[in-house]
Amino acid sequence: MNSRANQLKAFDRLLTIMDELRAQCPWDKKQTMETLRHLTIEETYELGDAILDNDLEEVKKELGDVLLHIVFYSKIGSETNDFDIADVCNEICEKLIHRHPHIYGDVKVENEEDVKRNWENLKLKEGKKSVLEGVPKSLPALVKANRIQEKVAGVGFDWEKPEQVWEKVEEELSEFKAEVAAKNIDNMESEFGDVLFSMVNYARFLDINPENALERTNKKFTKRFLYLEEKAKSLNKSLKDMTLAEMDVFWEEAKRL
């Protein structure tokens, strides 16, 4: 691995290139924080894909793309004299020091849960009106549900045992089934949301990340369906002209791969 001196040298190189691009490249000169926002979100998802695929070479590349965006935003901030990359770095350093009093102070902790509780309590002392204030409104619903539950658990609002959470899942499933039987669409949607929320909570108790779990299933299903399409194509058949029984033969083959 690189020495700290080489790491700093590489970061300095990136900052210099960013200065040059902002001054000379027509596309880079035109960008604003607003125009970069959707690209940043895209890069973050690409990084997430690489992590799930355990493709470390791709993780390295995608981290570079995300880092570029951080440097880009900081460069734009410096042009309006609001902040620069040093301010960004110092801000997060001060936050980390303040929120880790068990490392940089005299607070004692026994485990990870103590650390989480201290973190949330410190945020409230910093002026946050709610522990949920730090959950971005634009997060995808599944991720948001997980973060909401983590946040409230951090201040002690939580179940004691996984078994209790599973009982809640079964309760919500029962209520959902009742609404399905009643054919009330609005209530069905509401109860289905409760089922998902309770399942996310149960996943948290089992140390399962629900977003990662669902995305792994998405990838697994996609891989098997692509195999099914290829097999149908090799027989000069269209999927819509095949029976479910015919398709199921290839689906079972895909599962064994």
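How exposed is Phe221, going by its relative accessible area? In this predicted model, Phe221 comes out as partly exposed, with a relative accessible area of 47%. That falls short of the exposed class, because a residue has to be over 50% to count as exposed.

Stepping back to the whole chain, the protein is built from twelve helices and zero strands. Its C-alpha trace spans about 65 × 50 × 40 Å along the principal axes. The radius of gyration is 24 Å, while a compact globule of 257 residues would have one near 18 Å. Just 23% of the 257 residues count as buried, and the accessible surface comes to about 18,400 Å², with 56% of it belonging to carbon and sulfur atoms. As for charge, there are 39 positive and 53 negative side chains, and the centres of these two sets lie 2 Å apart.

Now for the aromatic rings, where the count comes to four pairs. In one of them, Trp166 and Tyr202 have ring centres 5.1 Å apart and planes at 45 degrees, so this pair is tilted. Trp166 sits in helix H9 and Tyr202 in helix H10, so the pair ties together parts that are 36 residues apart in sequence. Trp166 itself is partly exposed, at 33% relative accessible area.

Phe221 turns up in another pair, this time with Trp251: the ring centres are 5.1 Å apart and the planes meet at 55 degrees, so this pair is tilted too. Here the link runs between helix H11, which holds Phe221, and helix H12, which holds Trp251, with the two positions 30 residues apart in numbering. Trp251 counts as buried, at 19% relative accessibility. Together with Phe225, Phe221 and Trp251 form one aromatic cluster.

Terms used
Residues numbered from 1 in each chain as written. Predicted model: local features only at pLDDT ≥ 70, side-chain atom pairs only at ≥ 80, totals over all residues. Heavy atoms only, no water. Helix = DSSP H or I, 4+ residues; strand = E, 2+ residues; numbered from the N terminus. Rg over C-alpha atoms; globule rule 2.2 N^0.38 Å. Buried < 20%, exposed > 50% of the residue type's maximum accessible area, 1.4 Å probe, protein only. Areas by Shrake-Rupley, 256 points an atom, 1.4 Å probe, with all protein chains shown as cover. Lys, Arg positive; Asp, Glu negative; His and termini not counted. Charge placed at Lys NZ, Arg CZ, Asp CG, Glu CD. Phe/Tyr/Trp six-rings, centres within 6.5 Å; stacked < 30°, edge-to-face > 60°.
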